[in-house]
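Have the model open in your viewer and follow along. We'll go from single residues out to the contact between chains.

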Amino acid sequence: MKHPEDLLSALVDGELTATERHAVTEHLETCPTCRAELTEITIARDTVRDLPMIDPPPGLIPESAPARRRLLRPVWAWAAAGAAALALVIGLATGPGVSEPEVDLETLANRHTARLVVQPGIQTVRAPAGGG
Amino acid sequence: MRRVLPFVAGLAAALLVAPAAWADDDLADYLEGAAAAEFHGSGIVLCTWDGDSAGTTYEVTRSGGMSMVHGAGGELMAAGGTTATRSGADWYGLEVEEWSAWALSDRYRLTDPEPTTRLGRSAVAVTVMEGPTERARMIIDEESTVPLVTEILDGEDGVFRVAVLVEFSPGPQPMPSDMPEMHEQTMVTRGPAPDRLGIEVAGYRRADTYRGEEGTLHAFYTDGLFSFSLFETERTRRLGAFEEATRFEVGGHTYRRIVAPSEVWVQWNAPDYSYVLVGDLPPDHIAAVLTELPEPGEPGFWIRLWRRLFG
């Protein structure tokens, strides 16, 4: 089999048929070049996945620019204040609060792995957490 | 501390195709032998579940009671009950104080081993049966009983996870004489389990329960072949990595999942607590487990408002 460059990404993405997967994994057993390339693909993929989400600066997106302030008539001001209060109550009841703990996969993964490795199982060899 | 189709074989088909079963003891012997084996190897592990997939390569060395695993996801060392993971130049340790004895469920049976060769070594090919269903196929190194190829099946004849060693050297290996110096080490201690978490869930036994930081409850379930951890925390809608996770349904309820090479993560919020499940069990087992755990749901509007205002 020639170097299956095009199939390595598909292998990691789970897009190969059983026959293709078998052929590629068999080739990987004897080809250090392709194994190295596969490692680079997985590292690159993990790196991209781990990039943080960044909010755009104000004004970059027109819709996010501050709206021009307008003077409101008192009746509209009261209505707006009431709506704001209602939104606050609904937000308090439905939105995530800053005091709520955030799910932290890394901590949980380490705790799971620490308990898992002390016993036998179907996968006695385990890749470190975060490889996906 | 620093900062993933129902398949019902007909009885007639099962009687026709199910290979002769071995006693559980043979599978247990293979698994225990593999867990104690000394070797160095490198391999690939891939996991696919309904279009979600993940894969990675890794290197593993086991000798003198110590394991070292290096992969794209990081580095890990384990010895006894202590596991160390590296972040940058620093190692962070977790020490599990106590754990229950391992036991293999009697729902699994091993087929007669068929002689074969793999990586130029004598090996045997076996299938792990769960009733009439093929659950796993393995090619096992005859001398060390280390699985050189492992395919976990999804209960519908599809491959859920495949782990292949592409290099394998059995026997004692050069290893560090001790664990690395830890930047920080945390002791994992046992704690009581609430009644809402069953002692047995879809064939998985709750082996141990631990108390984590900030009141997190960690229940570890295993059937001896597969295992999962269930983390119960204060209810939260700050889902971190689960915000963009794939949603899927079990029993009319929606859950979020992240597929990682060696395990799958599932998250959901019940009315009173948030849950994260992580484990190496296949999708049909996950579905069965989820139906026996606290269901997803929301507390009432006023309860949520009260909790937010007054805790």
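Is B:Ala202 exposed, partly exposed or buried? It counts as partly exposed, because B:Ala202 has 18 C-beta neighbours inside 10 Å and a residue needs 20 or more to be called buried. Bear in mind that this is a predicted model.

B:Ala202 is worth a look for its backbone too. Most residues other than glycine have a negative phi. The phi of B:Ala202, though, is positive, near 50 degrees, and that of B:Thr145 is positive as well, near 65 degrees. Here are the two side by side:

| Residue | Phi | Loop in chain B | C-beta atoms within 10 Å |
|---|---|---|---|
| B:Ala202 | near 50 degrees | between strand 15 (200-201) and strand 16 (204-211) | 18 |
| B:Thr145 | near 65 degrees | between strand 11 (133-141) and strand 12 (147-153) | 19 |

B:Thr145 is also partly exposed, since 19 other C-beta atoms lie within 10 Å of it.

Now zoom out to chain B. It has four helices and 22 strands, and buried residues make up 40% of its 311 residues. In soluble globular proteins, nonpolar side chains tend to be buried together. The largest nonpolar core in this model holds 89 residues, and the members that touch the most others are B:Leu148, B:Leu230, B:Trp265 and B:Val276. Strand 13 (residues 159-170) of chain B gives the largest share of that core, seven residues. Click on B:Leu148 and you'll find contacts beyond its sequence neighbours, among them B:Leu119, B:Ile139, B:Leu165 and B:Phe168. The list isn't purely nonpolar: it also includes B:Arg118 and B:Asp141.

Over to chain A, where helix 2 makes a neat example. This helix has 13 residues and reaches 19 Å from its first C-alpha to its last, close to the 18 Å expected. Its residues A:Arg21, A:Val24 and A:Leu28 are buried. They sit on the same side of helix 2 of chain A because they cover an arc of only 70 degrees around the axis. The face turned away from that buried side carries exposed A:Ala18, A:Thr19 and A:Thr30.

Finally, how many residues of each chain take part in the contact between them? Chain A puts in 52 and chain B 77. On the chain A side, the elements giving two or more residues are helix 1 (5-12), helix 2 (18-30), helix 3 (32-50), helix 4 (74-94) and helix 5 (105-116). Helix 5 of chain A supplies the largest share, 11 residues. By class, that side has 25 nonpolar, 17 polar and 10 charged residues.

Definitions and conventions: Residues numbered from 1 in each chain as written. Chains lettered and ligands numbered in written order. Predicted model: local features only at pLDDT ≥ 70, side-chain atom pairs only at ≥ 80, totals over all residues. Contact = placed C-beta atoms within 7 Å. Expected span 1.5 Å × (residues − 1). Buried ≥ 20, exposed ≤ 12 C-beta atoms within 10 Å, placed from the backbone. Arc of directions from axis to C-beta. Core = buried A, V, L, I, M, F, W, Y, C linked by C-beta atoms within 7 Å. Lists of a residue's contacts leave out its neighbours within four places in sequence.
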